[in-house]
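Thanks for coming. I will take one model today and go through some side chains, then the way the domains meet.

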Amino acid sequence: MVITENVPLAPLTTLKVGGPARYFLEAMSVAEVSEAVEFSRSRNLPLFVLGGGSNLVISDAGWPGLVLKIGITGINHRHGHDEVVFEVGAGEDWDKFVGMVVTHNIAGLECLSGIPGSVGATPVQNVGAYGEEVGNTIESVLVLDLRDRQLRELGKEECAFSYRTSIFNTSERGRYIILQVNYLLKHGGEAYIAYADLKKYFAGWNKKPTLADTRDAVKKIRAGKGMLIVPGDDDCRSAGSFFKNPILSADEYERLTARAAAKNLQIPSYPALATQKKVSAAWLVEHSGFSKGYGNGSVGISRKHALAIVNRGNATAADVVAFKEDIQGRVEEIWGILLEPEPVFVGF
Ligand code: EPU
């Protein structure tokens, strides 16, 4: 186990802001994770667990304790009748795993193609896109419980998946370190094409899109929105969607539509949003003065999607936070809705 000191964290994230970790370790095994936990306990150091770094805003001061990067790899599978269970190390690259599953003609994750980050991060915020959410296919999650330092396998129900949430980022935040995720998938199932973007992409096709076609389509759509990490594309120096789509009550929704009507605007609504009473955060941001490409300083809005805050090259975490507050303030003033950030804030 090699622990290094004063390690810059910005390069380990997609947004590329923030200061160093006082101590840093990449753990390649469960045993190393346990040792790292002991190290931080014995020295009374706060512990932060890092995955792929794609959903993080790290403060300019960095992290005063130990940053533990989970580097546990390995993908095993067990076959059932028409199902297959994949046991995947938390440190595996998510998209590499999705690509492998699709190549084997196994359905359930194809819509989650092109999402940056690690496998271990996916249960935390119940990663979702184009109608699929990992909560639908996760069978269980192997964790180290920091309360008693025991290994536990938490079943899907115990994880309490919901829109962008689970116990890991709500009721039990900070309690567990995710070591392995087990996905239950279907052999040869059909591609899930439910969202408008995907339907539009395949309109006019005279054959049924395969899982591989769907993966390809999702990656192209994501790239068009700057939500795919493409080397050299400045619009993807971001943490993905910076705000959650707000879930409104019937009353709140009515008040919002009234405000829109007063401005001669219509709130976008389509089945994907309506089923969960969600409204588009991207639309709210755009209609509060922050259009695509906004800003010519160190931070701004992506030229491809209003929901992504981009680091234009030399932003600090303070710049990002100030800009985020500016957006929240304007959206609340104009629309009466407080947008909730989606990324995790570290060391603030
Ligand atoms: N819109 C705008 N301006 C924009 C972009 C979108 O007004 O710049 C409006 C349009 O009306 C559009 C609607 O917002 O139809 C929805 O946009 P989009 O389909 O791009 O989806 P989203 O709600 O912004 C969500 C997830 C994404 C996920 C996509 C596809 C959240 C916060 N975001 O985005 O997840 O990939 O749907 O399913 O739930 C992420 O969480 O980081 C993420 C990228």
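Arg330 is partly exposed, because its relative accessible area is 33%. This is a predicted model, so please take what follows as values computed from predicted atoms. Arg330 forms a salt bridge with Glu333, and the closest N and O atoms there are 3.2 Å apart. Both residues sit in helix H9, residues 317–335, and because they are three residues apart they are separated by about one helical turn. Glu333 itself is exposed, with a relative accessible area of 56%.

How many salt bridges does a search of the whole structure find? It finds 22. I will go through a few more of them.

Take Asp145 and Arg152. They form a salt bridge with the closest N and O atoms 2.7 Å apart. Is Asp145 buried or exposed? Asp145 counts as buried, because its relative accessibility is 0%. Arg152 is at 29%, so it counts as partly exposed. The two belong to a network of salt bridges that links Asp145, Arg147, Asp148, Arg152, Glu172 and Arg175.

Next, Lys225 and Asp197. The closest N and O atoms in this salt bridge are 2.7 Å apart. The pair links distant parts of the chain, with the two positions 28 residues apart in numbering. Lys225 is in the loop between helix H5 (211–224) and helix H6 (250–262), while Asp197 is in helix H4, residues 196–202. Lys225 has a relative accessible area of 23%, so it is partly exposed. Asp197 is also partly exposed, because its value is 26%.

Now the domains. The domain assignment of the protein gives domain 1 as 4–70, domain 2 as 75–224 and domain 3 as 234–346. I will stay with domains 2 and 3. Their C-alpha centres lie 26 Å apart. Eight residues of domain 2 are in contact with nine residues of domain 3. Between them the two domains bury about 710 Å², with 49% of that on carbon and sulfur atoms.

Which residues of domain 2 lose the most area to domain 3? They are Tyr163, Arg164 and Tyr195, and together they make up 63% of what that side buries.

Arg164 comes up again in the salt bridges. The count between domain 2 and domain 3 is one salt bridge. The side chains of Arg164 and Glu342 meet in a salt bridge at 2.8 Å, N to O. As for polar contacts, two residue pairs are counted between these domains. On the side of domain 2 that touches domain 3, the residues divide into three nonpolar, three polar and two charged.

On to Thr14. This residue is in the loop between strand E1 (4–8) and strand E2 (20–27). Its relative accessibility is 14%, so Thr14 counts as buried. What does the side chain of Thr14 reach? It reaches the backbone oxygen of Ser238 at 2.7 Å. Leaving aside neighbours within four places in sequence, Thr14 is in contact with Gly53, Ser54, Ile229, Cys236, Arg237, Ser238 and Ala239.

Ile70 can be described along the lines of Thr14. Ile70 is in strand E5, residues 63–70. At 7% relative accessibility, which is under the 20% cut-off, Ile70 counts as buried. Val49 is 21 residues away from Ile70 in sequence, and their C-alpha atoms are 7.1 Å apart in space. Beyond its neighbours within four places in sequence, Ile70 is in contact with Ala27, Val33, Val49, Leu50, Ala90, Gly91, Ile177 and Ile178.

The last item is helix H2, residues 94–103. This helix is mostly covered, with seven of its 10 residues buried. Which residues of H2 are buried? They are Trp94, Asp95, Phe97, Val98, Gly99, Val101 and Val102. The cover over these buried residues includes strand E6 (75–79), strand E7 (83–89), strand E8 (106–107), strand E13 (176–187) and H5. Just after H2, Asn105 takes a positive phi of about 60 degrees.

That is what I have for today.

Terms used
Residues numbered from 1 in each chain as written. Predicted model: local features only at pLDDT ≥ 70, side-chain atom pairs only at ≥ 80, totals over all residues. Heavy atoms only, no water. Domains from an automatic or database assignment. Contact = heavy atoms within 4.5 Å. Buried area = accessible area lost by both parts, 1.4 Å probe. Salt bridge = Lys/Arg side-chain N within 4 Å of Asp/Glu carboxyl O. Polar contact = N/O pair within 3.5 Å; in protein donor to acceptor, adjacent residues only side chain to side chain. Nonpolar A, V, L, I, M, F, W, Y, C, P; charged D, E, K, R; others polar. Helix = DSSP H or I, 4+ residues; strand = E, 2+ residues; numbered from the N terminus. Buried < 20%, exposed > 50% of the residue type's maximum accessible area, 1.4 Å probe, protein only.
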